[in-house]
Amino acid sequence: MSLKNYLEIFKDANFLKIFLSSNLLNFAQSLVNITIIWLVYNQTNNAIFIAIAVTAMELPGIVFAPFLGTIIDL
């Protein structure tokens, strides 16, 4: 298959909406993560608190992903 066949999907309006919204959501989440880390460092000047903040942000996904993933797959 050529690249032209793969690019055909971008002509579908629904796919384009999902693609753009997914990318914007990931970009916004990255900005939030950077802002939280910057704020914690700015307030505390301590790398341990940054590690605690990042752990607190990621821990729910690590804990619940295996269970919610199997529920979503049903």
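**Notebook: aromatic rings**

I started in helix α2, where F15 and F19 sit four residues apart, about one turn of the helix. A reminder to myself: this is a predicted model.

Before trusting any ring, I looked up the confidence. The protein chain has an average pLDDT of 90, and 99% of the residues score at least 70. Helix α2, residues 13-44, has the highest confidence with a mean of 94. The lowest is in helix α1, residues 3-7, with a mean of 83.

Next I searched the whole structure for aromatic pairs, and three turned up. I took F10 and F19 to begin with: their centres are 5.2 Å apart with 85° between the planes, an edge-to-face pair.

Then back to the two rings of helix α2. Is the pair of F15 and F19 stacked or edge-to-face? Their planes meet at 20° and their centres lie 5.9 Å apart, so I noted the pair as stacked. The cut-off I used for that: planes under 30 degrees apart count as stacked, because the angle decides the label once the centres lie within 6.5 Å.

Putting these together, I drew F10, F15 and F19 as one cluster linked by ring pairs.

My last check was on the surface. Are these rings buried or exposed? Neither label fits, because buried needs under 20% relative accessible area and exposed needs over 50%. F10 has 33% relative accessibility, so I wrote it down as partly exposed. F19, at 36%, is partly exposed, and F15 is partly exposed too, with 26%.

Definitions and conventions: Residues are numbered from 1 along each chain as its sequence is written. This is a predicted model: local features need pLDDT of at least 70, side-chain atom pairs count only at pLDDT 80 or more; totals for chains, interfaces and linings use all residues. Side-chain values use heavy atoms; hydrogens and water are left out. pLDDT is the predictor's confidence in each residue, from 0 to 100. Helices (H or I, at least four residues) and strands (E, at least two) are DSSP runs, numbered from the N terminus. Rings of Phe, Tyr and Trp (its six-membered ring) pair if their centres lie within 6.5 Å; planes under 30 degrees apart count as stacked, over 60 as edge-to-face and the rest as tilted. Buried means under 20% relative accessible area, exposed over 50%, partly exposed in between (1.4 Å probe, protein chains only).
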